[in-house]
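Student: Could we walk through a protein model together? I would like to practise reasoning from a structure.

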Amino acid sequence: MMKIPSLHLLGKSFLIVLKRFPFQVILALLSAFIWCLYIERSRSPYAASMGNFLLVANLAFTLSLALRLYSEVKAFSWKKNLTLQLLSLILCAGIYMHANPMIYPGDIYKVMPLLVSFHLLVSFAPFLGNRNVHAFWEFNKELFIRFLAGVLYAGVLYLGLALAILAVDSLFNVQVSSKVYGYLFAVVAAGFSSIFFLAGIPFPIQASLNEERYPKGLKVFTQYVLIPLMSVYLAILWIYGLKILMEWSLPKGLVAALVLGYAVFGIFSLLLIYPVREKEGNGWIRIFSRFFYLTLLPLIFLLVLAILKRVQTYGITEARYLLIVLAIWLTCLSLYALLSGKYPVKAIPLSLFVLGVIYAYGPLNATWMAENSQTRRLDKLLTLKDSHAAREKEEVVRYLVRTHGLISLKPFVNRDVEVVEKRIDSVARAKRLFPYEVQQIKLDSAFALLAISRPGKVEDQVSFFNKEEGLVELRGFEKLIRMDYGDFSFHWDGEMIKVSRVRTDTQQSESSRWRMEIGDRWQHEIELTSLFMKAYEKYRQNELQRSTYQSFYLPSSDMELPFTCGNYQFKLVLNQMNGEIRRDEPFLFNFEGVLLMKRIGH
């Protein structure tokens with residue numbers, strides 16, 4: 001059983017790992033610091049840059065680690081090792097300058113595939129040119145176990161310290177900021193767990209000298225948990241495949257996720273059981289390892305059908321292109337394993353590494369393929385005038401702007417959209433807008449530039465906040481109860497008082513009309529639409545103080561609704577309300593506030 005290390009051992013291990021992996025330790029500590037800074041200054045104009053740095057720092061950590069392990073095996077001089085480390089940092093700095101996933105979600109597909117690829121590179125970089133499969137498996141087994149131990153220790157450390165902070169906050173009333181828990185998580189996740197993982201990385205040369213010792217717990221987990229789960233998924237997918245054949249219909253989009261899930265966990269299971277797959281007493285494991293790829297081929301066919309269905313209807317996106325690439329890879333892997341009778345242990349991470357790099361930055365990279373496909377689709381849709389085309393045009397424009405920015409619309413407009421986009425980004429930094437607020441401004445600009453109307457869609461979405469920030473004047477009233485969009489009831493002064501939404505066929509009425517019932521004697525309908533529309537008119541006239549994008553402050557008097565029901569007087573005071581405007585009417589409406597009450601008669 002692995003013991004929790006003492007502080008002395010942790011200190012000693014830190015010095016050892018600092019000597020062996022100085023670049024990686026510096027990156028881990030720097031990432032923890034930037035993460036804390038990001039939490040502290042999430043509204044800063046530089047917040048997006050800090051978020052991008054954290055992603056790219058992860059790239060630099062794994063790439064430089066892979067090159068360091070390769071240097072160890074090749075016994076490179078410190079100068080050559082330093083050169084490789086610096087080259088990895090320069091490459092990642094270039095990615096940082098080229099990709100901006102915090103602003104353009106499409107750039108995630110430039111960073112995440114590389115992140116997966118660089119992690120895979122760590123697994124096989126020390127064994128390039130080395131055909132010792134046993135050493136390769138032993139090395140990665142140690143990495144996997146060390147990773148799991150790191151997650152466990154980091155989780156225990158974080159929970160223990162977080163509970164200690166909570167206890168101090170509760171017992172001594174020191175009013176600890178909620179951000180402290182975020183700082184703690186950043187330090188433990190980026191700092192402690194990374195360094196703890198580095199401290200347990202074995203020397204690749206030693207892995208070839210280790211005896212073949214297969215962990216019993218790993219075998220039990222694979223044989224009695226992973227493989228049975230795979231069998232359940234396989235049965236479901238095969239039954240679904242038979243259903244498709246009988247009904248002669250195309251598969252649903254969900255089947256792609258199920259097939260990929262089966263393939264990923266199946267391949268992972270085969271990697272885990274590789275050393276014991278043919279040993280006596282492992283019949284279930286032997287059957288699974290021999291027939292896995294045979295059972296996978298029909299499922300790949302289902303996956304291809306699901307992909308083709310979506311691509312033919314909606315074109316290529318980065319996610320669909322990823323499915324296409326993975327389907328091709330799974331097909332090649334399955335055919336190789338079946339025809340050769342060999343299990344390509346080292347070829348799996350190596351081939352996935354190459355695919356990840358090509359997918360992100362190859363000649364036919366995901367960004368180019370998706371943007372090219374969707375712009376061609378938009379070009380066709382712009383010539384159509386029917387309502388279905390109008391809805392599709394809006395969807396394509398939303399995708400292009402959110403994923404690739406306004407510049408992706410350059411072929412369709414006469415204005416220099418690059419200048420427009422830079423101006424919006426500049427204003428956003430000055431006003432410290434959130435990314436989603438910036439995206440909404442760019443979407444509004446895109447629809448205006450393309451003169452695309454949005455029938456049936458949200459014309460405006462706005463929120464209003466009480467300037468008193470929750471402070472309510474109680475003078476003249478006896479009782480107070482919280483009220484929001486949920487039905488509720490209570491007893492007061494010997495009466496049962498019920499407040500419930502008026503149920504109709506339209507969402508607008510259901511969201512803004514309420515009925516109060518006091519016993520069996522009195523009823524009153526509470527209509528909130530007028531409050532919202534008065535506030536919306538002030539917003540249209542630019543009379544309100546802005547909180548954030550599409551959020552504004554109102555004086556408390558504009559968020560109060562007095563009314564009388566029977567022998568009681570009420571006043572609803574809203575703390576906030578928000579809604580969507582469609583065809584100049586509120587379509588959806590939500591609110592939160594308090595209901596004040598007093599008796600006025602007997």
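Tutor: Gladly! Let's begin with a term: a patch is made of residues with over 30% relative accessible area and no salt bridge, and nonpolar side chains are joined within 5 Å. Please keep in mind that this is a predicted model.

Student: Which helices each supply at least two residues of the nonpolar patch?

Tutor: The patch has an area of about 590 Å², and its members are Ile287, Phe291, Leu294, Leu335, Leu338 and Leu339. To find the helices, look for those that supply at least two of these residues each: they are α11 (283-314) and α12 (318-340).

Student: Is Phe291 buried, partly exposed or exposed?

Tutor: Phe291 sits in helix α11. Buried means under 20% relative accessible area, and exposed means over 50%. Phe291 has a value of 45%, so the word for Phe291 is partly exposed.

Student: Now to charges. How many salt bridges does the structure hold?

Tutor: Here is the idea behind them: side chains of opposite charge can pair when their charged atoms come close. For a salt bridge, a side-chain nitrogen of Lys or Arg has to be within 4 Å of a carboxyl oxygen of Asp or Glu. In this structure the number of salt bridges is 18.

Student: Glu418 and Lys422 form one of them. About how many helical turns separate Glu418 and Lys422?

Tutor: Their closest N and O atoms are 3.8 Å apart. Glu418 is partly exposed at 35%, while Lys422 is exposed at 55%. Both belong to helix α16 (residues 417-431) and are 4 residues apart, so the separation is about one helical turn.

Student: What about Arg521 and Glu495: how many residues apart in sequence are the parts that this pair ties together?

Tutor: Arg521 and Glu495 form a salt bridge, with the closest N and O atoms 2.2 Å apart. Arg521 lies in the loop between β5 (513-518) and β6 (522-527), and Glu495 lies in strand β4 (residues 495-501), so the parts tied together are 26 residues apart.

Student: Is Glu495 buried or exposed?

Tutor: Its partner Arg521 has a relative accessible area of 53% and is exposed. For Glu495 the value is 13%. The limit for buried is under 20%, so Glu495 counts as buried.

Student: Lys571 and Glu560 also meet in a salt bridge. Which strands hold Lys571 and Glu560?

Tutor: The N to O distance in this bridge is 3.7 Å. The pair links distant parts of the chain, 11 residues apart: Lys571 is in β10 (residues 568-582) and Glu560 is in β9 (residues 560-565).

Student: Let's turn to the open sheet of 4 strands. Which are its edge strands?

Tutor: The strand order is β3-β4-β5-β6, and the pairing is antiparallel. An edge strand pairs on one side only, and here the edge strands are β3 (488-492) and β6.

Student: How many bridges join β3 to β4, and which residue in β4 is the bridge partner of Phe490?

Tutor: β3 and β4 run antiparallel, and 5 bridges join them. In β4, the partner of Phe490 is Ile497.

Student: One last residue: is Lys110 buried or exposed?

Tutor: Lys110 is found in helix α5 (residues 108-124). Leaving aside residues up to four places away in sequence, Lys110 touches His98, Ala99, Ala360, Tyr361 and Thr367. Its relative accessibility is 11%, so Lys110 counts as buried.

How values were computed: Residues numbered from 1 in each chain as written. Predicted model: local features only at pLDDT ≥ 70, side-chain atom pairs only at ≥ 80, totals over all residues. Heavy atoms only, no water. Patch = residues over 30% accessible without salt bridge, like charges linked within 9 Å, V, L, I, M, F, W, Y side chains within 5 Å. Areas by Shrake-Rupley, 256 points an atom, 1.4 Å probe, with all protein chains shown as cover. Buried < 20%, exposed > 50% of the residue type's maximum accessible area, 1.4 Å probe, protein only. Pairing = 2+ DSSP bridges. Contact = heavy atoms within 4.5 Å.
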